[in-house]
Amino acid sequence: MSDSDTISTSIPDMGAAYHDPLVQDAGHGLTGPGGALHRYAIRPEGYRLGDEDFITGSWRLRRQPRYTRAEHGRWRLLFENQRRMLPDRACKDFMTGFGRLEHLFRDGIPSFDDINAILEPATGWTVVPAPELIPDNIFFWHLENRRFPAGAFIRGGQPQTPKVIRANKGCAPEHVEYTAVEDDLFYLQEPDIFHDIFGHTPMLMNPFFADYIQAYGAGGRRAITFNRLKNFGAIYWYTVEFGLIEEEGALRVYGAGILSSPDETLFSLYSDSPHRIRMTPERVMRTDYVISDFQDTYFVVDSIKALYESTAGRDFTPIYEKLPAGFTYATTALLDTDVVVTEGRQVYKFCGGKGRPRARVHMEKLRAAHAR
Ligand SMILES: [Fe+2]
């Protein structure tokens, strides 16, 4: 699709309800994970955008920025590290899509045009460069039109932790040692180009998943009408970002948030801490989620086709009419009505999570047991 085609399609009016701040907090908009608070924190030095770089009214960029050698290097480090994690952990559909795109990912940050040359003929989707997390209504509008807004920047350009600052003292950004920024590299609050491209595009090659995400975008407006955007956002969170799938009796990952994080790949599949529960939209829409650490609960689907049919093919009106605004269930809840795949001990959660000594030991054991 050319820029002029895009500009001629106007962003739909989401109605007065959209401007209610309670409605906007859907989990992946400006107030969502890593939203406004963090969005300028990790911009690489020299990454400056002018008005001329934006396509008017669509929150997307005309083109990808020019990346430095260090930025391509950071991509390669992330790619090599995460590619090793995938076999027997990522689901078959992810691996199939990944296999078609992988050659574009090997040598550094890939070009969106190259990706689209494969993606668009396969499922009609394109990836478009976005400067940062974009508002929900614009995000939905792009999805509805089979455009996936992908962050154009890569993480780690201005590492801020004391360890990293010490290690790189006096270095120009393009000479920052990648190993020294690992603390920042492998944990991310805001989706960047690695998360969006490596994590999301392989599944967009799957026809059912491609339709599922488009239908999700189309459903956004209805959720806003019913003031249930937060609940609706939980579906995206627990499926597209953090979804597990059962394949031939084994758990595999299809969620992009997991598959772009080496530690969460291990945690979601092998840790005895989180619950794993069969996914139903009603349960998911009532369940809170974690935005700054691993999930306390993962939801499991039987197949991508079943996921599509249980959500995209359904009218949520009867659910919205019964659903209270906001979440009913805590992230660690387990209900009598749940179909439990594994009941977690929640040891990671209850020791305080990320950064706590017992959480570190928990992850060190997982890494050692499943090292490749
Ligand atoms: Fe994502």
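**Asking why: reading a predicted model**

Q: Why is N227 called partly exposed?
A: The relative accessible area of N227 is 30%. Buried would need under 20% and exposed would need over 50%, with partly exposed in between. A value of 30% sits in that middle range, so N227 counts as partly exposed. Keep in mind that this is a predicted model.

Q: What makes the backbone of N227 worth a look, and where does N227 lie?
A: N227 has a positive phi of about 60°, yet N227 isn't a glycine. Most residues other than glycine have a negative phi. As for its place, N227 lies in the loop between α10 (207-225) and α11 (229-241).

Q: How do you know whether E248 is buried or exposed?
A: Check the number: E248 comes out at 71% relative accessibility. The bar for exposed is over 50%, so E248 is exposed. E248 also has a positive phi, about 50° here, and again the residue is not a glycine. You'll find E248 in the loop between β5 (244-247) and β6 (250-253).

Q: How many disulfides are there, and what would make a pair of cysteines count?
A: The count is zero. To qualify, two cysteine sulfur atoms would have to be within 2.5 Å of each other.

Q: Why are C91 and C351 both called buried?
A: C91 has a relative accessible area of 0%, while C351 comes to 17%. The cut-off for buried is under 20%, so both cysteines pass.

Q: Which protein atoms count as donors of the iron ion?
A: They are NE2 of H195, NE2 of H200, and two OE atoms of E241. These atoms lie 2.0 to 2.7 Å from the iron ion, and the cut-off for a donor here is within 2.8 Å, so they count. Along the chain, the donors follow the spacing H-x4-H-x40-E. Both histidines, H195 and H200, are buried.

Q: Why is the arrangement around the iron ion called irregular?
A: The four donor atoms subtend angles of 52 to 132°. Tetrahedral would need all angles between 85 and 135 degrees, and 52° falls outside that range, so tetrahedral is out. Square planar would need opposite donors over 155 degrees apart, and the angles here go up to 132°, so that label fails too. Anything else is irregular, and that's the name the site gets. One caution: water is not among the atoms, so a site may look incomplete.

Q: Why is L266 called buried, and what does L266 touch?
A: L266 has 4% relative accessibility, which is under the 20% limit, so L266 is buried. L266 is found in helix α13 (residues 262-270). Leaving out residues up to four places away in sequence, L266 touches M85, R89, S271, L366, R367 and H370. L266 and H370 are 104 residues apart along the chain, yet their C-alpha atoms are separated by 7.6 Å.

Q: What makes α13 as a whole count as mostly covered?
A: Seven of its nine residues are buried. Those are P262, E264, T265, L266, F267, S268 and L269.

Q: How do you know that I258 is buried?
A: Its relative accessible area is 0%, and buried means under 20%, so I258 qualifies. The residue sits in helix α12 (residues 256-259). Its contacts, not counting residues up to four places away, include E241, F242, Y298 and three residues of the α13 list, E264, T265 and S268.

Q: Why isn't H72 put in the buried group?
A: H72 has a relative accessible area of 22%, and buried means under 20%, so H72 is partly exposed instead. H72 lies in helix α3 (residues 69-85). Setting aside neighbours within four places in sequence, H72 is in contact with Y67, G108 and I109.

Q: What makes a nonpolar core here, and how many residues has the largest one?
A: A core is a set of buried residues of certain nonpolar kinds, joined through side-chain atoms within 4.5 Å. The largest nonpolar core has 84 residues, and F94 is among those with the most contacts inside it. The largest share of this core, eight residues, comes from α11. F94 itself touches residues including L86, F198 and L259, not counting residues up to four places away in sequence.

Key: Residues numbered from 1 in each chain as written. Predicted model: local features only at pLDDT ≥ 70, side-chain atom pairs only at ≥ 80, totals over all residues. Heavy atoms only, no water. Helix = DSSP H or I, 4+ residues; strand = E, 2+ residues; numbered from the N terminus. Buried < 20%, exposed > 50% of the residue type's maximum accessible area, 1.4 Å probe, protein only. Donors = N, O, S within 2.8 Å, 3.2 Å for Na, K, Ca; no water. Tetrahedral: all angles 85-135°; square planar, octahedral: opposite > 155°, others 65-115°. Contact = heavy atoms within 4.5 Å.
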